[in-house]
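This report goes through one protein model and the ligand shown with it. The ligand site comes before the fold and the local backbone features.

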Amino acid sequence: MPKKRKIRVNFKKNRGKRSRGGHELRQAFEQDNLDQLQSNERVSGKGELTRKRTIIAVENEEDGSEQIPLDVDPERCHIGRVLSIVGSHQCRVQGPDDEVYVCAVRQILRTLSQNNRNAVVAGDRVLFEPAPGLQGMIHRVEPRTGTLGRGSGRSQQLIVANVELAAIVIAAVSPHFKPSLVDRFLISCEKGGVKPLICINKADLVDPREMQPVIGQYANLGYDVFLISAETGAGIDALRARILGRQTVFSGQSGVGKTSLLNSIQPGLGLKTSGVSDDSGKGRHTTRTAVLKRLENGGWVVDTPGIRQLRLWDVIREEVEGFFIEFRPFVRYCRFPDCLHDHEIGCGIKAAVAAGMISTARYESYLKILSDEDE
Ligand code: GDP
Ligand code: ZN
């Protein structure tokens with residue numbers, strides 16, 4: 001028997017402010033849903049549709065995720081993939097017929113997500129009910145695997161879901177490579193169950209030998225490193241082969257050449273992320289959310305906006321060391337069992353750094369992450 005949990009939620013009638021577009025559609029759906037909801041949601045307040053209601057969520061025994069039973073005929077729905085989020089209430093969903101539907105998200109899904117922004121994220125697999133004019137309503141989000149997230153305010157913001165690989169793009173020359181940004185990214189990948197690929201772009205601007213210490217450092221830790229040039233095409237074939245048939249999110253500081261790189265993997269894959277004024281002349285046109293694009297020979301690529309910093313989410317100080325795999329053999333030489341390898345005396349990690357067995361750059365990056373400092 002799957003576990004069930006009662007959830008009390010505020011019942012928003014959702015009739016007040018509306019976003020532009022999809023207006024009538026939403027109203028129609030919601031009226032529809034109100035009728036259907038009464039069958040499996042008990043409403044308090046003497047049958048009046050107000051304030052609170054109780055929802056029975058059913059736990060998926062395999063992954064512990066919770067789902068609310070569908071109150072729509074699944075026959076009328078399709079499985080789709082969320083390509084991008086549009087505004088705060090809608091998303092573009094690719095349906096099984098390869099059409100792109102502009103979908104609204106059921107209020108109840110937004111109410112149930114601890115953070116409204118994560119109710120539906122790019123990459124999600126969803127069950128949606130199509131409506132005329134390539135519109136639709138999302139009724140269910142399938143359990144997520146392989147997520148990339150970051151801390152934002154006092155909550156976690158998921159950037160993308162259901163990806164296998166995450167390519168962090170850095171530049172061999174400029175902008176300056178920030179080791180702690182890369183290391184935060186690696187931690188974030190580990191937490192989200194995504195395999196990181198380190199892509200060092202603009203290789204044409206340096207002597208490859210200069211890059212050896214950085215390449216060696218990450219390769220020794222078991223990470224895949226690609227030295228590439230979007231400009232000359234060097235190394236692009238190998239990277240393209242690696243991501244073929246897979247789901248890969250590309251991320252990096254702006255200016256590292258992520259857009260050029262994506263376009264050299266496949267023309268049109270990279271989106272202009274800055275520098276283009278929109279027609280209204282109100283300033284720069286920038287992508288602020290992740291966007292999925294299909295690879296011609298199979299697989300998906302997710303383009304994300306340039307990041308300046310990546311705040312980790314849900315990582316406590318004592319946990320940071322566990323993400324630095326090369327620290328593991330030396331931890332047992334620390335005098336104090338709760339050593340944070342910072343100011344403590346008799347520290348096995350500091351001794352290993354002094355002996356050249358742990359890279360100074362990685363140790364400094366560890367300290368920065370520990371103190372939650374940015375570069
Ligand atoms: P994004 O902000 O990461 O998307 O970076 P862009 O793709 O817009 O590239 C930023 C700048 O770096 C542009 O002027 C590109 O022409 C340049 N650039 C990108 N890739 C390379 C490369 O491999 N070699 C060189 N020399 N310049 C590059
Ligand atoms: Zn220590």
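Which of the 15 residues around ligand 1 come nearest? They are D204, G255, K258, T259 and S260. The model is a predicted one, and the values below are computed from its atoms.

## Ligand site

Helix α6, residues 258-265, gives the most to the shell around ligand 1, with 3 residues. Polar pairs to oxygen atoms of ligand 1 involve both side-chain and backbone atoms of the protein, as the table lists.

| Residue | Protein atom | Distance to an oxygen atom of ligand 1 |
|---|---|---|
| S260 | polar side-chain atom | 2.5 Å |
| K202 | N or O atom in the side chain | 3.1 Å |
| E231 | polar backbone atom | 3.2 Å |

On its own, ligand 1 has 580 Å² of accessible area, and the protein covers 70% of it.

K258 is one of the residues that come nearest to ligand 1, and it is found in helix α6. Is K258 buried or exposed? Its relative accessible area is 5%, so K258 counts as buried, the cut-off being under 20%. The side chain of K258 reaches the backbone oxygen of T304 at 2.7 Å. Leaving out residues up to four places away in sequence, K258 touches V169, F250, S251, G252, D303 and T304. T304 thus appears both as the polar partner of the K258 side chain and in the list of residues that K258 touches.

## Overall fold

The protein has 10 helices and 19 strands. Of its 375 residues, 47% count as buried. Among contacts with a separation of 6 or more, 64% are between residues 24 or more positions apart. The exposed area is about 19,200 Å², of which carbon and sulfur atoms supply 49%.

## Helix α4

Helix α4 takes in residues 208-220. Its 13 residues should span 18 Å at 1.5 Å a residue, because the expected span counts one less than the number of residues. The end C-alpha atoms are 17 Å apart, which agrees with that expectation. The helix also has a kink of about 35 degrees, centred on V214.

Which residues of α4 are buried? They are M211, V214, I215, G216, Q217 and Y218. The residue at the centre of the kink, V214, is thus in the buried set. An α-helix has 3.6 residues a turn, so residues three or four places apart point the same way. M211, V214 and Y218 are among the buried residues of α4. The cover over the buried residues of α4 includes two helices, α3 (179-192) and α10 (360-370), and two strands, β13 (195-201) and β14 (224-227). Just after α4, G222 takes a positive phi of about 95 degrees.

## Loop residues

E142 lies in the loop between β9 (135-141) and β10 (148-152). Its side chain makes a polar contact with the side chain of R140 at 3.3 Å. Beyond neighbours within four places in sequence, E142 is in contact with Q67, I79 and R125. The C-alpha atoms of E142 and D124 are separated by 7.1 Å, with the two positions 18 residues apart along the chain counted as their distance apart.

I68 is found in the loop between β4 (66-67) and β5 (78-86). At 11% relative accessibility, I68 counts as buried because the value is under 20%. I68 and I108 are 40 residues apart along the chain, and their C-alpha atoms are separated by 9.1 Å.

## Backbone geometry

Most residues other than glycine have a negative phi, and most peptide bonds are trans. Where does the model depart from this pattern?

S174 and P175 are joined by a cis peptide bond, with omega about 0 degrees. P175 lies in the loop between β12 (165-171) and α3.

L134 has a positive phi, near 55 degrees, and is not a glycine. It lies in the loop between β8 (125-131) and β9. With a relative accessible area of 35%, L134 is partly exposed.

D314, also not a glycine, has a positive phi of about 65 degrees. The loop that holds D314 runs between β19 (300-303) and α7 (317-320). D314 counts as exposed because its relative accessibility of 55% is over 50%.

Note on methods:
Residues are numbered from 1 along each chain as its sequence is written. Chains are lettered from A and ligands numbered from 1 in the order in which they are written. This is a predicted model: local features need pLDDT of at least 70, side-chain atom pairs count only at pLDDT 80 or more; totals for chains, interfaces and linings use all residues. Side-chain values use heavy atoms; hydrogens and water are left out. Helices (H or I, at least four residues) and strands (E, at least two) are DSSP runs, numbered from the N terminus. The bend at a residue is the angle between axes fitted to the seven residues ending there and the seven starting there. Buried means under 20% relative accessible area, exposed over 50%, partly exposed in between (1.4 Å probe, protein chains only). Contact means heavy atoms within 4.5 Å. A polar contact is a pair of N or O atoms within 3.5 Å; within protein, one must be able to donate a hydrogen and the other to accept it, and residues adjacent in sequence count only if both atoms are side-chain atoms. A residue is near a molecule or strand if one of its heavy atoms lies within 4 Å of it. Accessible areas come from the Shrake-Rupley method with a 1.4 Å probe; for residues, only the protein chains shown count as cover.
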